[in-house]
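Got the viewer open and a selection box ready? Here is a walk through the fold, one stop at a time.

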Amino acid sequence: MSIRTERVARMLQREIAGLLVTDFSEQLQGVVTVTGTRVTKDLGIVYTYVSVLGDDPKEQQSVFERIEELQPRIRKSLAARIRHQLKKVPEIRFFLDST
């Protein structure tokens with residue numbers, strides 16, 4: 001990865017994590033952390049790895065599915081936060097990090 005993509009990935013990780021904690025925590029019904037992000041070279045897609053705290057795998061999966069349902073709203077909120085830093089808001093793809 002280039003320096004630019006690494007910097008954008010870190011910034012997006014901070015912003016998405018902040019959104020999940022502040023704006024969407026009530027809707028998720030669980031503790032979610034963003035463990036990592038990866039951005040494509042054209043900055044069009046951000047791959048976001050999230051971890052859901054809890055012992056029950058079914059509960060973790062249901063919280064993750066809720067995150068995927070909220071993806072358009074998360075992207076819209078992200079656009080409001082980063083509108084002066086990036087020309088185009090990347091598409092967000094979530095992956096469950098079970099490690």
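Before clicking anything, fix one word: buried means under 20% relative accessible area, exposed means over 50%, and partly exposed is in between, with a 1.4 Å probe and protein chains only. A second convention covers the labels: helices (H or I, at least four residues) and strands (E, at least two) are DSSP runs, numbered from the N terminus.

What you have loaded is a predicted model, where local features need pLDDT of at least 70, side-chain atom pairs count only at pLDDT 80 or more, and totals for chains, interfaces and linings use all residues. Residues are numbered from 1 along each chain as its sequence is written, and side-chain values use heavy atoms, with hydrogens and water left out.

**Stop 1: the sheet**

Show the strands as cartoon. You should see an open sheet of three strands in the order E1-E2-E3, with mixed pairing. Here two strands pair if DSSP finds at least two bridges between them. E1 and strand E3 (91-96) are the edges, each pairing on one side only. On average, neighbouring strands are turned by 30° against each other, direction ignored.

Select E1 and E2 together: the two run antiparallel and are joined by seven bridges. For one rung, pick valine 32, whose bridge partner in E2 is valine 52. The pair forms a hairpin with five residues in between, and leucine 43 in that turn has a positive phi of about 60°.

Now swap E1 for E3. Strand E2 (residues 45-52) runs parallel to E3, with six bridges between them. Two pairs to label are threonine 48 opposite phenylalanine 94 and tyrosine 49 opposite phenylalanine 95. Colour E2 by accessibility and most of it is covered, with seven of its eight residues buried.

**Stop 2: threonine 37**

Select threonine 37, in strand E1 (residues 32-39). Is it buried or exposed? Threonine 37 has a relative accessible area of 13%, so it counts as buried. Expand the selection to its contacts (heavy atoms within 4.5 Å). Beyond neighbours within four places in sequence, threonine 37 is in contact with Ala9, Arg10, Gln13, Val46, Tyr47, Thr48 and Tyr49. Draw a distance from a polar atom of the threonine 37 side chain to the backbone oxygen of alanine 9 and you get 2.6 Å.

**Stop 3: helix H1**

Bring up helix H1 (residues 3-22), which lies across E1, E2 and E3 and runs at about 155° to E1. Such angles run from 0 to 180 degrees between N-to-C directions, and the axes are lines fitted to C-alpha atoms, for helices over the stretch in contact.

On H1, click glutamate 15. With 18% relative accessibility, glutamate 15 is buried. Its side chain makes a polar contact with the side chain of arginine 81, at 3.2 Å. That term means a pair of N or O atoms within 3.5 Å; within protein, one must be able to donate a hydrogen and the other to accept it, and residues adjacent in sequence count only if both atoms are side-chain atoms. Leaving out residues up to four places away in sequence, glutamate 15 touches Leu78, Arg81 and Ile82.

**Stop 4: helix H3**

Next, look at H3 and show Gln60, Val63, Phe64 and Ile67, which are buried. They cover an arc of only 100° around the axis, so they sit on the same side of H3. The arc is that of the directions from the helix axis to the C-beta atoms. Flip to the other side for Lys58 and Glu69, both exposed. Covering the buried residues of H3 are, among others, helix H2 (25-28), E1, E2, H4 and E3.

**Stop 5: helix H4 and the loop after**

Which residues of H4 are buried? Select Gln71, Ile74, Leu78 and Ile82. Looking down the axis, the buried residues of H4 fall within an arc of 60°, so they line one face. The face turned away from that buried side carries the exposed residues Pro72 and Lys76. Cover for the buried residues of H4 includes H1, helix H3 (57-69) and E3.

Finish in the loop between H4 and E3, at lysine 88. Lysine 88 is exposed, at 53% relative accessibility. A C-alpha to C-alpha distance from lysine 88 to valine 39 gives 13 Å, across 49 residues of sequence.
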